[in-house]
Amino acid sequence: MPLRNLPEETAASLAGLIEARPGQVSSCALTRDAGFDMTLLAFAPGESVSEEEYFGDTLYYVVEGAAAVALPERTVRVGAGEVLKVPAHVLHAVEGADGAGFKLLQVTLHAR
């Protein structure tokens, strides 16, 4: 089964599936052996993911709080309920808007 770590008996809040820990970025993989990687992330205040790039397009959906996605020529603020696509091979970083904590769903397609 490609999906994992998701409720099956009753519905649950996506934000409630993960908790931020002080000084850390927590992660919960929601897929296994699928054509994409889907990961739920919880960023404690002040935490970030440094510059990285992926071989496939990446979708960022902010579940709670607000994120700042730093792209080569601009930074995009993504609020709760909003989504942003970062194309494959674009170097970018993700942090909390104004240094606050936030929760993020990241979906990255595998390159073909």
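Two strands count as paired if DSSP finds at least two bridges between them. Strands themselves are DSSP runs (E, at least two residues), just as helices are runs of H or I with at least four, and both are numbered from the N terminus. Keep in mind that this is a predicted model: local features need pLDDT of at least 70, side-chain atom pairs count only at pLDDT 80 or more, and totals for chains, interfaces and linings use all residues. Residues are numbered from 1 along each chain as its sequence is written, and side-chain values use heavy atoms, with hydrogens and water left out.

**Exercise 1. Work out how β5 is paired with β6 and β8.**

Step 1: Start with bridge partners. Ala-66 has Gly-79 in β6 as its bridge partner, and Ala-68 has Arg-77, also in β6.

Step 2: Look at the whole pair. β5 and β6 run antiparallel and are joined by five bridges; they form a hairpin with four residues between them.

Step 3: Turn to β8. Four bridges join this strand to β5, again antiparallel, and Ala-70 has Ala-93 as its bridge partner there.

Step 4: Put the sheet together. The order is β3-β8-β5-β6, an open sheet of four strands with antiparallel pairing. β3 (48–52) and β6 are the edge strands, each pairing on one side only. From one strand to the next, the twist averages 20° (axes are lines fitted to C-alpha atoms, for helices over the stretch in contact, and angles run from 0 to 180 degrees between N-to-C directions).

**Exercise 2. Decide whether β5 is enclosed, then find the nonpolar cores.**

Step 1: Get the cut-offs straight. Buried means under 20% relative accessible area, exposed over 50%, and partly exposed in between (1.4 Å probe, protein chains only).

Step 2: Apply them. Four of the five residues of β5 are buried, so this strand is largely enclosed by the rest of the structure.

Step 3: Define a core. A nonpolar core is a set of buried Ala, Val, Leu, Ile, Met, Phe, Trp, Tyr and Cys residues joined through side-chain atoms within 4.5 Å.

Step 4: Find the largest one. It has 14 residues, and Val-69, Val-94 and Leu-104 touch the most other members. Among the elements giving two or more residues to this core are β2 (36–43), β5 (66–70) and β9 (102–109). Apart from it lies another core, of 10 residues, including Ile-18 and Met-38.

Step 5: Zoom in on Val-94. Leaving aside neighbours within four places in sequence, its contacts (heavy atoms within 4.5 Å) include Phe-43, Tyr-60, Val-69 and Leu-104.

**Exercise 3. Find two residues with an unusual phi and say where they sit.**

Step 1: Recall the background. Most residues other than glycine have a negative phi.

Step 2: Take Asp-33. Its phi is near 55°, a positive value. Asp-33 lies in the loop between β1 (25–29) and β2, and at 75% relative accessibility counts as exposed.

Step 3: Take His-89. Its phi is near 65°, also positive. His-89 is in the loop between β7 and β8, and is partly exposed at 48%.

**Exercise 4. Describe the chain as a whole.**

Step 1: Count the elements. There are zero helices and nine strands.

Step 2: Check the compactness. The radius of gyration (taken over C-alpha atoms) is 14 Å, close to the 13 Å from the globule rule (2.2 Å times the number of residues to the power 0.38) for 112 residues, so the chain is as compact as a globular protein of that length.

Step 3: Add the burial. Buried residues make up 36% of the 112 residues.
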